[in-house]
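User: I have a new model open and a few quick things to ask. Can we go through it together?
Analyst: Sure, load it and we'll start.

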Amino acid sequence: MTEPAAPNYKATLNLPKTAFDMKANLTQREPAMLKAWQEADGGGLYQQIRARRHPKGKWVLHDGPPYANGDIHIGHLINKVLKDIVVKFRTMQGHDAPYVPGWDCHGLPIESAIQKELGPKFRELSKDEVRQKCRDYAMKYVKLQSDSFQRLGILGEFRNPYLTLNPAYESGILEVLAELVQRDLVYRQKKPVHWCTNDRTALAEAELEYENRKDTSIYVRLKATKPLVQLEGSPVPGKMASSADPIDLIIWTTTPWTLPANRAIAANENHQYGYWRYLEGGQTKYAIIAEELGSRVFNTAGIEVFELLWSDSGQSLAGMEYHHPLDPSRVQPLVLADYVTLEDGTGLVHTAPGHGKEDYQTGLKYGLEIYNPVLPDGRYDDSVPDFLKGKTIWDANQLVIDKLKELGTLFHAQQFDHEYPHCWRCKKPVIFRATEQWFVRAS
């Protein structure tokens with residue numbers, strides 16, 4: 001016996017009827033919709049909107065351009081869609097709200113992409129060949145991104161966008177620069193910037209990525225030019241064997257490779273600095289270290305016998321001079337700076353105006369040389385001591401440590417882990433390096 005067929009209730013239901021397909025079929029419908037928008041009466045939907053009356057006057061969105069260096073991503077989508085909503089909203093309110101998309105076709109993101117694409121062959125190209133390849137690469141992604149933005153439903157002057165590589169825009173920049181030069185507002189001077197020795201270019205703060213890295217920090221003895229005559233009249237003069245005993249200014253640095261560029265030591269006038277006596281290798285020695293940090297420094301270096309003879313303010317150190325750690329014939333000053341803290345180190349800061357922001361400002365204040373012996377590729381030029389000429393700064397760290405040991409000025413060295421800035425493109429560590437740059441005065 002066969003079972004009765006299941007009842008069909010479809011005919012008994014009062015359902016709405018629609019001509020819409022059950023499937024969206026966007027892969028077929030989207031191209032058709034875009035074509036309809038682009039071929040609407042008046043040359044396209046955007047042109048139709050622009051031809052209408054706009055009683056409320058102009059409302060213009062100046063859109064910061066994306067780089068033409070790859071496919072669009074979620075950031076592009078959010079940015080463009082939100083701006084498109086605002087422009088369309090203002091248009092519907094009756095404003096004259098044009099939207100002209102654009103692309104930044106210059107800069108390292110494009111050159112870096114070409115460099116990765118070509119590999120070692122990149123260095124073999126002439127400047128004109130590099131420019132042409134960058135132009136071709138940029139135009140390729142201008143078209144690709146333009147098509148993608150339009151597929152998102154964004155309306156704008158995509159047939160005539162602004163491109164920074166167009167001569168009209170380049171000439172506009174030159175005209176503004178020429179006017180600034182005529183008004184004597186443009187000048188050139190050295191300033192330290194984050195520098196990638198691999199890509200051989202400066203980097204902005206936003207282009208840095210921080211990664212953990214193991215490096216060597218060092219404590220260095222810098223011999224003062226005058227003996228311990230400062231202790232005459234102190235509360236404990238009898239503790240000194242002789243007023244002619246030499247004294248060292250001990251500094252701490254995490255970048256030994258910058259020592260060739262040392263041009264000063266910085267102290268803080270508001271800190272107390274101790275005159276210390278300690279025993280090392282059976283010899284009595286004397287050093288100046290911040291009073292608060294002395295015990296920590298000696299313990300770190302494994303010095304067991306030490307005592308504080310007396311202390312004085314940082315202001316009392318101003319005007320002292322010392323011998324350069326790698327060139328004893330060079331005499332340099334001790335200066336004052338309020339950024340010197342007691343969190344780490346010795347309270348005395350190695351200052352290289354060509355390799356640090358604060359060092360640079362101190363250099364300008366005291367008229368120090370903004371000295372940078374490091375070439376764009378990270379190698380030293382010929383102005384450094386012979387043992388460093390032509391070496392990379394990364395190799396120099398150990399070379400400098402070995403030299404300080406030879407000279408007897410290395411107090412202590414130890415490895416430490418820390419976060420260090422890296423280039424967001426090549427992922428290699430960056431440095432601070434003074435380069436000739438152009439500046440515009442405020443007035």
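Analyst: What follows takes cysteines, cores, pockets and one helix in turn.

User: Before that, what kind of model is this?
Analyst: This is a predicted model.

User: Okay, cysteines. How many disulfides are there in the whole structure?
Analyst: A search of the whole structure gives 0.

User: Why is C134 not bonded to the closest cysteine?
Analyst: Because the gap is too far for a bond: the closest cysteine sulfur, in C105, is 11 Å from the sulfur of C134.

User: And what about C423, where is its nearest cysteine sulfur?
Analyst: That sulfur belongs to C426 and is 3.8 Å away. C423 is in no disulfide, because a disulfide needs the sulfurs within 2.5 Å.

User: Are these two buried or exposed?
Analyst: Buried. C134 has a relative accessible area of 12%. For C423 the value is 0%.

User: Switching to the core. Which residues touch the most other members of the largest nonpolar core?
Analyst: I288, L317 and L348. That core has 60 residues.

User: What is L348 in contact with, leaving aside its neighbours within four places in sequence?
Analyst: I288 and L317 are both on the list. So are L249, I250, I251 and W252, then I265, A266 and A267. Y273 and L334 complete the set.

User: What lies apart from that core?
Analyst: Another core, of 21 residues. Among them are I110, I114, V142 and F149.

User: Pockets next. How much space is in the largest one?
Analyst: About 1,100 Å³. It is lined by 37 residues, and T254, T255, V349, E358 and D359 are the closest to its centre.

User: Which elements give two or more residues to that lining?
Analyst: Five strands and two helices do, by name β5 (208–223), β6 (248–253), β13 (349–351), β14 (410–423) and β15 (431–440), plus α8 (357–366) and α9 (393–407). β14 gives the most, with 4 residues.

User: What is the lining like by class?
Analyst: There are 15 nonpolar, 14 polar and 8 charged residues.

User: And how big is the second largest pocket?
Analyst: Its volume is about 470 Å³. The lining has 15 residues. Nearest the centre are H106, E111, V130, R131 and C134. That is the C134 with a relative accessible area of 12%.

User: Which elements line it with two or more residues?
Analyst: α4 (108–118) and α5 (127–151). α5 gives the most, with 5 residues. By class, the lining of the second largest pocket has 7 nonpolar, 3 polar and 5 charged residues.

User: Stay on α4. Which of its residues are buried?
Analyst: L108, P109, I110, S112, A113, I114 and Q115. I110 and I114 also belong to the core of 21 residues.

User: What covers them?
Analyst: The cover includes α5 and β4 (201–203).

User: What follows α4?
Analyst: G119, with a positive phi near 65°.

User: Last one, Y162. Where is it placed?
Analyst: Y162 is in strand β2 (residues 162–163). It counts as buried, at 17% relative accessibility.

User: What does Y162 touch, not counting residues up to four places away in sequence?
Analyst: D63, G64 and P65, then V100, P101, G102 and W103, and also Y169.

User: And how far is Y162 from L342?
Analyst: They are 53 Å apart in space, C-alpha to C-alpha, and 180 residues apart in sequence.

Key. Residues numbered from 1 in each chain as written. Predicted model: local features only at pLDDT ≥ 70, side-chain atom pairs only at ≥ 80, totals over all residues. Heavy atoms only, no water. Buried < 20%, exposed > 50% of the residue type's maximum accessible area, 1.4 Å probe, protein only. Core = buried A, V, L, I, M, F, W, Y, C linked by side-chain atoms within 4.5 Å. Contact = heavy atoms within 4.5 Å. 1 Å grid on protein atoms, 1.4 Å probe; cavity = no way out; pocket = protein on both sides within 12 Å on 5 of 7 lines; lining within 4 Å. Points joined across faces, edges and corners; volume = space filled by probe spheres on them. Nonpolar A, V, L, I, M, F, W, Y, C, P; charged D, E, K, R; others polar.
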